[in-house]
Structures are given as structure tokens and as C-alpha cells.
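I opened this chain to look at its helices, one of its pockets and a few loop residues. My notes follow in the order I took them.

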Amino acid sequence: MANTAALNGINNGLRGIRRSPASHLAAALEAGSVEGTVVLGEQPFQTMAGIRVDPSSGEGARVAAVAGSLPVRCGEVGGADGVNVFWLGPSEFLAVAPEEAHDSLGGNLIGSLTAALGGSPGQVVDLSANRTTFELSGIRARAVLEKGCSLDLHPSSFLPGTALSTEVGNIPVILEKTGEESFRLFPRASFADFLGRWLLDAMREYASPEVP
């Protein structure tokens, strides 16, 4: 019990001093956002688990039960109860959940998924520090993305609840459409600064009132 309390104290201390990949851009993200038009922010420290498993196997079914569900085709988003699972390949997925998922879901998300795999063929890897998350929303959010994304982002083609691997500003990302005018971008941490600045530059024209 004492060791657990000490470990929790250490973890809490580390959480207090850590910095997200785009934390140095926080003021610029706020200043560059235009409420009601286009807003950019970072949602850091999410729990992320890389999963490799055959979804048609017994271990795949057990992993799906923990995650909520596994997507069966490109673009589909699985999961449940705050966990989103993105399709990266026929047997490769990325599970994304709030930071608290490290300490919930029957112990923690990573541990629960690993236990579900049960030593069978496959892999579960903690990738929480591998990526960060940008949230882009507003009536001009799609226009901003279209400046550097080759996907067809028209609402009739890219629907809410869809996530695809693509590039934005030549940076590889997972792009998720979370609502009619809202998106999440998941770049690797090493690209967070470049992508954040690229998005801010693409937003710049909407910072001034439109000329009638």
C-alpha cells in the first residue's frame, strides 16, 4: 500500500511537469483562432494504444470487447464509451481514449488490451507519447484543411464518424471528422510544431472580417 501511494505520488508529480508537443504554441493557437469562424487547439496527453491483431480471430474478439469494437474497413471508427478505434490496416488499429483511461477500464486501457490478447499472436503497444491531437472547428475548418489535404473533404464524402490516414501540409496525420464542422488531427509528436504553425498560417486569412 505504501509503495502504491509513493508510485502514485511520483506519477502525479511527473504529470505536473510534463509538456505537450504543442504547448509552446498555446498562446498562438488562441490568438489565431476566430470564435465562430475557425478555432484551433491542442488536446494533449490522450491514451493511445497501437493494436495488431486479426479481427476475425478469438483474440481479436476479446480485444474488440475491451475496446468496444474494431472497425472493419478503411475510414470506419470503432470503439465505445469514450474509446475511438481507427482502422490503419486489415489487422492494425489505433485506440484513442481520454488521459484517464490509463487508470480505468479495469486497471488501464493498455493493460486491459494486453490481457485480452492473452499472449496470442498480435501486439498492443502504448503509443500515448507518440502523437498529439489538434482540434479544428468552425465554419472555415474544412477550407483550412483543403489548403493542404488531398482528400475529398466535402460533407457528402467525408462524413462525421470517419477517420483516414492522409497528409495535411505534407505532414502525415490521422484525420477524424468529429462533427459537421469539427475535426481532430493526430500528427506524430515530432511534427506537432510544424503542423501547428502550418494550420495557423492557413487560418490567417479568416482572422480579418470579410470585405463585402
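**Helix 4.** I looked up what covers the buried residues of helix 4, and the cover includes strand 2, helix 3 (58-67), strand 5 and strand 6. The model is predicted. Helix 4 runs over residues 109-117, and its buried residues are Leu 109, Ile 110, Ser 112, Leu 113, Ala 116 and Leu 117. They sit on the same side of helix 4, because they cover an arc of only 165 degrees around the axis. The general rule is that an α-helix has 3.6 residues a turn, so residues three or four places apart point the same way.

**Helix 6.** I then turned to helix 6, residues 192-203. It has 12 residues and reaches 16 Å from first C-alpha to last, close to the 16 Å expected at 1.5 Å a residue. Which of its residues are buried? I noted Ala 192, Leu 195, Gly 196, Leu 199, Leu 200, Ala 202 and Met 203. They cover an arc of only 165 degrees around the axis, so they lie on the same side of helix 6.

**Whole chain.** I took the overall counts next. The secondary structure comes to six helices and 10 strands. Of the 212 residues, 39% count as buried. I also checked contacts between residues at least 6 apart in sequence: 60% of them join residues at least 24 apart.

**Second largest pocket.** I put its volume at about 180 Å³. The lining has 13 residues, and Gly 50, Leu 88, Glu 92, Phe 93 and Leu 127 lie nearest the centre. Which elements give two or more residues to this lining? They are strand 2 (47-52), strand 5 (92-97) and strand 6 (123-126). I recall that strand 2, strand 5 and strand 6 are also among the cover of the buried residues of helix 4. By class, I counted six nonpolar, three polar and four charged residues in the lining.

**Pro 21.** I found Pro 21 in the loop between helix 1 (2-17) and helix 2. Is it buried or exposed? Its relative accessible area is 27%, so I logged Pro 21 as partly exposed. Leaving aside neighbours within four places in sequence, Pro 21 is in contact with Glu 42, Thr 132, Ala 189 and Ala 192. Of these, Ala 192 is one of the buried residues of helix 6. I also checked Pro 21 against Asp 193: they are 172 residues apart in sequence, yet 7.1 Å apart in space, C-alpha to C-alpha.

**Thr 37.** This residue lies in the loop between helix 2 (26-32) and strand 1 (39-42). I have it as buried, because its relative accessibility is 18% and the cut-off is under 20%. Not counting residues up to four places away in sequence, Thr 37 touches Ser 137, Gly 138, Ile 139, Arg 140, Ala 141 and Tyr 206.

**Positive phi.** I ended with two loop residues. Asp 81 has a positive phi of about 55 degrees, although it is not a glycine. I placed Asp 81 in the loop between strand 3 (77-78) and strand 4 (84-89). Its relative accessible area is 79%, so Asp 81 is exposed. Asn 170 is not a glycine either, and its phi is positive at about 65 degrees. Asn 170 is found in the loop between strand 8 (162-168) and strand 9 (171-179). At 64% relative accessibility, I entered Asn 170 as exposed.

Terms used: Residues numbered from 1 in each chain as written. Predicted model: local features only at pLDDT ≥ 70, side-chain atom pairs only at ≥ 80, totals over all residues. Heavy atoms only, no water. 1 Å grid on protein atoms, 1.4 Å probe; cavity = no way out; pocket = protein on both sides within 12 Å on 5 of 7 lines; lining within 4 Å. Points joined across faces, edges and corners; volume = space filled by probe spheres on them. Helix = DSSP H or I, 4+ residues; strand = E, 2+ residues; numbered from the N terminus. Nonpolar A, V, L, I, M, F, W, Y, C, P; charged D, E, K, R; others polar. Expected span 1.5 Å × (residues − 1). Buried < 20%, exposed > 50% of the residue type's maximum accessible area, 1.4 Å probe, protein only. Arc of directions from axis to C-beta. Contact = heavy atoms within 4.5 Å.
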